[in-house]
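Got the viewer open? Set the chain to a cartoon view, keep the selection box handy, and let's take a walk.

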Amino acid sequence: MKFDTLQQGISFYANYARVSGFDTRLYSTKKRKSDGKISLKYCVCDKEGFRETPRLQSNCKKKRPITRMGCNARITLKLINDQDNYIIFSIHEGHTHPLTTPNSAHHTK
C-alpha cells in the first residue's frame, strides 16, 4: 500500500489493529542523513518486547501487571526516494498472545 504521508500510514495500522483486536505503539525511527526526513518508521504491537528487569524488582511500591509478552507483530513504513510517499515495506502478523474480542474491545487504549 502507498500513503501520501507518514501519519496516514500510522493511522492505517492503528485502525487495522483496533479492528483486529490489539493496540499499537510507535517503536523506532530511522532518518536520512542528507535531509533529516524519516526514511523508516516501525509500528509494533503494544505487547512487543519484554519489560526491563529493574521494574520487576520487589522494592517497587506498586506492582504493575506484566503487559509485554514478546509479540513480534509489526509494520515497517518506508519512504519512497523519488517521491514523498510512504509504502508498507514489511509486515509481520504473528502474535504471541490472545487478541481482544469485539465485545471487550472497549477496554483497549
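Which residue in β3 is the bridge partner of Thr-24? Select Thr-24 and look across to β3: the partner is Cys-45. Keep in mind as you click around that this is a predicted model.

**The sheet**

Now colour the strands. There are 5 of them, forming an open sheet in the order β1-β5-β4-β3-β2, with antiparallel pairing. At the edges sit β1 (2–3) and β2, each of which pairs on one side only.

Start from the β2 edge and work across. β2 and β3 are joined in the antiparallel sense over 7 bridges. Next, β3 meets β4 through 5 bridges, again antiparallel. For a marker here, select Lys-41, which stands opposite Leu-77 in β4. Carry on to β4 and β5, an antiparallel pair held by 6 bridges. Pick Ile-75 and you'll find its bridge partner in β5, Ile-91. These two strands, β4 and β5, make a hairpin with 6 residues between them.

**The loop between β4 and β5**

Stay at that hairpin and select Asn-85, in the loop between β4 (74–79) and β5 (86–92). Is Asn-85 buried or exposed? Its relative accessibility is 15%, so Asn-85 counts as buried, the cut-off being under 20%. Show side chains and you'll see a polar contact of 2.8 Å between those of Asn-85 and Gln-83. Now bring up what surrounds Asn-85 from beyond four places in sequence: the contacts are Lys-2, Phe-3 and Asp-4, plus Lys-78, Leu-79 and Ile-80.

**The salt bridges**

How many salt bridges does a search of the whole structure find? It turns up 2.

For one of them, select Asp-84 and Lys-37, where the closest N and O atoms are 2.8 Å apart. This pair links distant parts of the chain: Asp-84 is in the loop between β4 and β5, Lys-37 is in the loop between β2 (24–31) and β3 (38–45), and 47 residues separate them. Lys-37 is partly exposed, with a relative accessible area of 31%.

For the other, go to Asp-35 and Arg-32, whose closest N and O atoms are 2.8 Å apart. Switch on a surface here and check both residues. Asp-35 has 44% relative accessibility and therefore counts as partly exposed. Arg-32, at 22%, counts as partly exposed too.

Definitions and conventions
Residues numbered from 1 in each chain as written. Predicted model: local features only at pLDDT ≥ 70, side-chain atom pairs only at ≥ 80, totals over all residues. Heavy atoms only, no water. Helix = DSSP H or I, 4+ residues; strand = E, 2+ residues; numbered from the N terminus. Buried < 20%, exposed > 50% of the residue type's maximum accessible area, 1.4 Å probe, protein only. Polar contact = N/O pair within 3.5 Å; in protein donor to acceptor, adjacent residues only side chain to side chain. Contact = heavy atoms within 4.5 Å. Salt bridge = Lys/Arg side-chain N within 4 Å of Asp/Glu carboxyl O. Pairing = 2+ DSSP bridges.
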